[in-house]
Amino acid sequence: MRALALTAAAVTTASIGVGISPPAAHADNPDAEQYRPQYHFSVPDHWKNDPIRPVYINGEYNYYYLYDADYNGVSTQTAWRRATTTDHVVYHDEGIAIPEDTTFGSPMAGSIVVDVDNTAGFGAGALVALVSVDEGPTNATDQWVYYSTDGGDTFTPYSTTTPAIANPGPGLHEFRDPKIEWDAANNQWVALVAEPLSGIGFYTSSDLKNWTYESFFAAPSGITFTECPDFFQMRADDNTLQWVVGASTGGDMHTFAYWPGDWDGSTFTPDTTVPQWLDYGDDFYAAVTYPDESSTDQSKRYLKGWVNYWNHPNTASSWTVDGFTGTDSITRELALKETDGTYRLVSTPIAALDDYATRSWELGDIPVDGQTDLGYHGTAYRLETTVSWAELDNVAIKLRRSPDGSRDFTVGKFDDFVYVDANDPTMYRENHAPYDPAATSVQLTILVDTTTVEVFVNGGEQVLTMKSNLDPTDTGIQLFTEGGAATFNDVTITEFANVTGQAEAGAAYQDFDSGYDSWSTTGGAFGSAPATGTLSMQQPVTGWRGTGLVNSYLGGDASTGTLTSPSFTVTEPYVSFLVGGGDHPTPSELFNGFEGSGWGTGWTGTGSYAGQGASTASLTNQVGAKVADTFVNGGDAATGTIASPEFTITRDYLAFKIAGGDFPWPASGNASVQLVIDGDVYFSATGDGTATLQDVAWDVHSLRGRTAHLEIVDNSTSTSFGHIMVDQVMLGNTPTAAVGETDAPTAVNLKVGGVVVRTVTGTDDERLHWESWDVADFIGQTAQLEIVDQNTTGWGHINVDHVTLSDRPMG
């Protein structure tokens, strides 16, 4: 992945402006989804709640979940909808498997097994499900058998008159959520059924159709109800096999409780009745575990949960704005660890998520005593750090911070707990997980997505999950301490591809499976036809599709050339493609060095600056002979604005040098540089009260494709540096963008009118990942794609495949 080492100055200098209104995803597609998760599973439309334990069939995991196509603010009846996956990250929607309208009720939660030995008589390998069916307004439920002989596409009820496990009632409220597990030692099937007001019933069967009640596991004090029970055997790190009972609960905590213990074929005896907790957040519910089919010794399982809870099930911006509500946690890998005779489940984000990493920022060690704003902005990423301190009261990371600082999602450590706080009093309480009060460090891995935050503490020993309704413009990060100082060590931020787009990637504009067609080549790097995979002496190339791809390693890194598409009309708001290879970007661009007689081509001045121009100066750190100086034409009393022409943000950073008065925006007497998009100030910076030019670098990668302009504003009439000086405005690939960077790119460029309007490079990785450009501003215009390899050093090649024009981003 691409590592960008931000300097401390680059991280902390830029200050973000307030008053940003929610941006449309792009002007020509106002229906684009603002709240669709980037790398978490979410329902295609309407509503989802409980996950059904995935089962492995024909080389892929089949994941079913409760879905309500009629949802309109309240969920009533549900169906079972299916998605398939091979890596637990990208899911392909397969539609409805069990419809919501049956002759005797609607399916609720349950579980599926693959009946390999045909114990039920439906055929070897048939899928057999035990399903709770809602039988009316009293919510009295029985457990019914469904089966599938077509690989899980559709299911048939075994009986519509006689349930497999009848409600022990009369009319026991919410007797439901059966979970089936094979008990090899006793050659029997075991089913757990939740009795929410009291505990969990155990049943056994030899044929999945006829069940016998065996025993009851009572919910301990503090748990007011149980739902979605789980039961599995797992090998611990001391090489012993342990049985575990789990359930989602209500009461003191409403998340996944579990109890390791012994199972004798009819009764479960926990090691202790005191529950352990797999997650301490408000929104990790109806969770299911399932086996890793590659783990032959049962030492690893997977885990996923619904990111919601019944205290606030219908409070979701994704529904009111985008018409869907229902997101899962990231799939997690479970391990069972023994410590002093106690067994504990530890969960970590699935390792396959790293296969979809598109870029990373390595920020190093950041000391904080008070507060420090990071220069990074985004709504979907992973943040990793180990925080250390000697003595303090509170240490926190304020994620998804709004431009005016009034909204954020806080993760921190205080006294004897770590905590998460969504800062939404209408929906949430602050959630705590116990932590050693004498500790002087904590390791955090935080997954942030558009509507979720998951916090993994010390390698997954504790996890806290909550949903979020923060605005898409809430993108900042602030590091915070109180009552002392801390160091945020090895801070790393990683972004991921849009996995929803990947699952839905349709027909390609050019898939390179039948040649280059009418694309033209120069040089020898691309040859006369696409490659069919990895080339001689090349590391393995992965992530491409079909039978061909662009691979400029032909002849090794020393070869160069270009591959250019024919002209085409931009018809969709996104151009997406798979890209890999070398990290050699197109050189940074000097946007304005202020060396001319005026302000620059297309720049205009108002107030005291109308008709004026750059000033000759000799400031510390100055480049060239002149700078933009608002002292001109009136000195400190001069006021007005110097504005750039509009431009498209095509690079990750906008960098410049600034000196002069310390009068920050939005004060009425500010003297500042501002990045303005659609009338809103997205970034601002001011001087430090000296004549020394300081470097500022704004991370604008999340704004690429947006149309913006710069304003140098001076509303200050102070006689003490009531002006600012600006120099060397750059559009760059790093915070240290400079004139004269090596012009030897491995890049993909989009040209409109012969001008490069979008560009991207590889990540020094042979794994191709999705890149998507928002090109709505160019719909109806003629464009060309240009794949460039002008680099002859290490990683001096580029890989491209599956160019797609689409109505949503693929990456």
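**Exercise 1. Strand E48 and its partners**

Which residue in E49 is the bridge partner of Val-676? Work out the surroundings of strand E48 in this predicted model.

Solution.
- Step 1. The partner of Val-676 in E49 is Val-681.
- Step 2. That pair belongs to an antiparallel pairing: E48 and strand E49 (residues 680–685) are joined by five bridges.
- Step 3. Two residues lie between the strands of this hairpin, where Asp-678 has a positive phi near 50°.
- Step 4. E48 also pairs with strand E51 (residues 707–714), in the antiparallel sense and over six bridges. Here Leu-675 is placed opposite Leu-710.
- Step 5. In a regular strand, side chains alternate between the two faces of the sheet. In E48, Ala-671, Val-673, Leu-675 and Ile-677 point one way, while Ser-672, Gln-674 and Val-676 point the other way.
- Step 6. The residues of both sets are buried. Strand E48 (residues 671–677) is therefore largely enclosed by the rest of the structure, with seven of its seven residues buried.

**Exercise 2. Two open sheets**

Determine the strand order of the sheet that contains E5 and E21, and find its edges. Then do likewise for the sheet that contains E6 and E9.

Solution.
- Step 1. The five-strand sheet is open, runs E5-E4-E3-E2-E21 and has mixed pairing.
- Step 2. Its edges are strand E5 (92–98) and strand E21 (324–325); each has a single partner strand, so one side of each lacks a neighbour in the sheet.
- Step 3. At the E5 end, strand E4 (residues 79–85) pairs with E5 over five bridges in the antiparallel sense. Within this pairing, Arg-81 faces Ile-96 of E5.
- Step 4. The four-strand sheet is also open, with the order E6-E7-E8-E9 and antiparallel pairing.
- Step 5. E6 and strand E9 (156–157) are the edge strands, each pairing on one side only.
- Step 6. Inside the order, strand E7 (residues 126–134) and strand E8 (residues 141–148) run antiparallel and share eight bridges. One of the bridge pairs is Ser-132 with Gln-143 in E8.

**Exercise 3. Nonpolar cores**

Identify the residues with the most contacts inside the largest nonpolar core, and describe the surroundings of Phe-202.

Solution.
- Step 1. The largest core has 62 residues, and Phe-202 and Leu-399 have the most contacts inside it.
- Step 2. Leaving out residues up to four places away in sequence, Phe-202 touches, among others, Val-190, Leu-192, Phe-217, Phe-231, Trp-263 and Phe-268. The contacts of Phe-202 also include Thr-212, Glu-214 and Ser-215.
- Step 3. Another core, of 36 residues, lies apart from the largest one; among its members are Val-90, Phe-456, Phe-496 and Trp-770.

**Exercise 4. A cavity and a pocket**

Describe the linings of the largest cavity and of the second largest pocket by residue class.

Solution.
- Step 1. There are eight cavities of 30 Å³ or more, and the largest holds about 110 Å³ of space.
- Step 2. Its lining has 14 residues, with Val-307, Ala-316, Thr-327, Thr-451 and Lys-467 nearest the centre. By class, three are nonpolar, 10 polar and one charged.
- Step 3. The second largest pocket holds about 860 Å³. Of its 30 lining residues, Glu-181, Trp-182, Trp-189, Pro-291 and Glu-293 lie nearest the centre.
- Step 4. That pocket lining has 16 nonpolar, five polar and nine charged residues.
- Step 5. At least two lining residues come from each of strand E2 (46–57), strand E6 (106–115), strand E10 (176–183) and strand E19 (285–291). Of these, E2 belongs to the five-strand sheet and E6 to the four-strand sheet.

Terms used
Residues numbered from 1 in each chain as written. Predicted model: local features only at pLDDT ≥ 70, side-chain atom pairs only at ≥ 80, totals over all residues. Heavy atoms only, no water. 1 Å grid on protein atoms, 1.4 Å probe; cavity = no way out; pocket = protein on both sides within 12 Å on 5 of 7 lines; lining within 4 Å. Points joined across faces, edges and corners; volume = space filled by probe spheres on them. Nonpolar A, V, L, I, M, F, W, Y, C, P; charged D, E, K, R; others polar. Pairing = 2+ DSSP bridges. Core = buried A, V, L, I, M, F, W, Y, C linked by side-chain atoms within 4.5 Å. Buried < 20%, exposed > 50% of the residue type's maximum accessible area, 1.4 Å probe, protein only. Contact = heavy atoms within 4.5 Å.
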